[in-house]
Amino acid sequence: QTMDVEDWLSAIRVSTHSSDCKLHLNARMPDDWNADAEAVSNVPDTSPPATSPGYEDQLEAILQLLNLTSDQAAPSGILLTGFAGVGKTRFISCIAQRYHKAKQKVHRKSAHDLFVAATSTDDLLDSALPQNGKCDLFIIDDLHLLAQDAGHEDVTPADHEFILVHNTILEAIDILQQRGSAVVGVAQTRNALPHTLTKAGRLEKEIELLPPSQAQRVAIWQHLLDDIDHVKPQVRTNWAVALSRASAGCVAKDICAIFQDAMTRGASRKHGGGTANGDETQLQWNDLQEAAMGSVPSQLMELDVRKPMVWSTDISWSEMHHQSWKKFAGYSEVKQRTYRNVVLPWKGFLQNLETEMQQPIIIAPPTGVLFHGPSGCGKSLAARCLANSLGLPMIQVRATDVLDKWLGGSEALLRSLFARARSVSPCILFIDEIDAIASNRSEDDGNDFTSRVLSTFLNEMDGVSSGLSKNQILVIACTNRLEALDSALLRPGRLGDHFLLQHPNADELMQIMRHYLSEVPLHDDVQLDELSAMLHQRQFSGANVEGLCRDVCLSSFSLRDTDDNFMLQRRDFLRHLQ
């Protein structure tokens, strides 16, 4: 606030030459931008282009609306909304910079600054208006601070500062609109704002910045990777495409955090062991891959989210599917069916989202998948493998997480869960033990609670099905009791694809044992086909086999006097089975 425009521009130009200047996507413009100062015109303009990567079309659209100020069709005011971190501040800064280049004056205020000034000044309106009383663009930020509680539409008279700031903003908007200024407000959502602020004649036109799509994430990543000089341009493009898939559901702030984490990993190698050369201390693909896998979209911070592997762009769909299901031994028929019925339609659908000119969808991807079968046969593991094969983040929810003791609480939790999943789509919503919330209504003897929860779940599933191109959510559910589920949930359009995981046969048991004993030395007398036949007679599941292999290793190791030449023998397995 103590710097004049020329000093401030000089500081900005210095910062643009720093290596990490593109990380500052939330840099604010000054409150009072006097672009008509002659001192600035003599300084060469070396600032970066006023653009918002991935949102160029939205930027041009809002600039066209602002240029209609003197037209009768022009909106009286524009309200810019969007999730936290989506890039509203950078978007507004780009608009202000465009006005500066056109030698127009921008005046910017924040509702937070007005709340602070309300405690120390008598005339709050003077601090809200520009110094000379005129400007071409008036920006009022942080309007979500005026949000009201649900069910309270009127301003609470007891909060004096709230009323003062609220009335000051309304009066400033009315005065500047009469003087021909364009007005833009910024808030996270329109719903909770006072009606007096968003009614016709004030901020009547809403423009929502949605979380970036696949193509927009590619543009953001390309913007961040432009300064990586030691990587070829084509390689940087491939990195941007791969990282855009791995960062599904992330907003611009999350993507910048991933990039910053990767840069930190590369720089830390220089100080780690002291032996790294110059190439090893630079940003590498592994740094970006590990940073992307360890990140969670900010909209899902409080939920249990499982991120997929970051696949290279040159790997085929079939190879990706094969690598994802390596830890799931046996069940080759289930793997083939999931690839044919789920992976191929969804991969085609997601690939279509990456192109700007979307083609008609020949085969609509399924909206729901159900894994059912006896306990311990790998239903939850199959769901994780499927999510990894699709390359989408998976929100893991237990049925008990959506049960609430208060009336209507469970339904509200379900609606909130689906709403948060939609905000980060495309993604996977995994619900384990779904029979706890979607039991058969015909067998519940008129249980009103079960009916309400199931009805809410079905409504949300119908929303996923009807608006697939917008929601992009795949619901995966698991249950041990297929017969306990309501038939309305199992029809096509909801959980339409069913995969039975029953007890494995002898051949599948041998594959499972070979998987769990792959790193364990075995004696020549251990015949896995003989042991798998014995386990098949006892109806062993995959979980039973894992427990058997672990217990045999622990018990056999405790019987040995030394660790030298440790090998599992046939008698070790027989002793444990007996």
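**Notes on the predicted model**

1. Let's start with strand 4, where both faces are covered: Leu 137, Ile 139 and Asp 141 are buried on one side, and Phe 138 and Ile 140 are buried on the other. Put as a count, five of the five residues in strand 4 (residues 137–141) are buried, so the strand is mostly covered by the under 20% relative accessible area cut-off. Bear in mind as you read on that this is a predicted model.

2. What flanks strand 4 in the pairing? Strand 3 (residues 106–110) runs parallel to strand 4 and is joined to it by five bridges. Within that pair, Ser 110 sits opposite Asp 141. Strand 4 also pairs with strand 5 (residues 182–187), again in the parallel sense, over four bridges. There, Ile 140 of strand 4 faces Gly 185 of strand 5.

3. Just past strand 4, have a look at Asp 142, in the loop that leads from strand 4 to helix 7 (160–178). Its phi is positive, about 60°, even though Asp 142 is not a glycine. Is Asp 142 buried or exposed? Its relative accessibility is 15%, so Asp 142 counts as buried.

4. Tyr 331 is another non-glycine residue with a positive phi, here about 55°. You'll find Tyr 331 in the loop between helix 14 (317–324) and helix 15 (332–354). With a relative accessible area of 6%, Tyr 331 is buried.

5. Now for the other sheet I'd look at: six strands make up an open sheet with mixed pairing, in the order 7-9-10-11-8-12. Strand 7 and strand 12 (497–500) are the edge strands, each pairing on one side only. On average, neighbouring strands of this sheet are turned by 25° against each other, direction ignored.

6. Inside that sheet, strand 8 (residues 368–372) pairs with strand 11 (residues 473–479) in the parallel sense, over five bridges. His 372 has Thr 479 in strand 11 as its bridge partner. Which helices pack on the sheet? Helix 16 (residues 379–390) does, touching strand 7, strand 8, strand 9 (394–398), strand 10 and strand 11, and its direction makes about 165° with that of strand 11. Helix 17 packs on the sheet too, touching strand 9, strand 10 and strand 11, with its direction at about 135° to that of strand 11.

7. One peptide bond to check by eye: Ser 425 and Pro 426 are joined in cis, with omega about 5°. Pro 426 is placed in the loop between helix 17 (409–423) and strand 10 (427–432).

8. Ser 295 belongs to the loop between helix 13 (285–293) and strand 7 (304–306). Its relative accessible area is 12%, so Ser 295 is buried. What does Ser 295 contact, once its neighbours within four places in sequence are left aside? The answer is Ile 258 and Lys 307.

9. Last, the cysteines. How many disulfides does a search of the whole structure find? It comes back with zero. Take Cys 553: the closest cysteine sulfur, in Cys 549, is 6.8 Å from its own sulfur, which is too far for a bond because a disulfide needs the two sulfur atoms within 2.5 Å. Cys 553 is buried, with a relative accessible area of 18%. Cys 377 is buried as well, with a relative accessible area of 3%.

How values were computed:
Residues numbered from 1 in each chain as written. Predicted model: local features only at pLDDT ≥ 70, side-chain atom pairs only at ≥ 80, totals over all residues. Heavy atoms only, no water. Buried < 20%, exposed > 50% of the residue type's maximum accessible area, 1.4 Å probe, protein only. Helix = DSSP H or I, 4+ residues; strand = E, 2+ residues; numbered from the N terminus. Contact = heavy atoms within 4.5 Å. Pairing = 2+ DSSP bridges. Axes fitted to C-alpha atoms, helices over the stretch in contact; angles between N-to-C directions.
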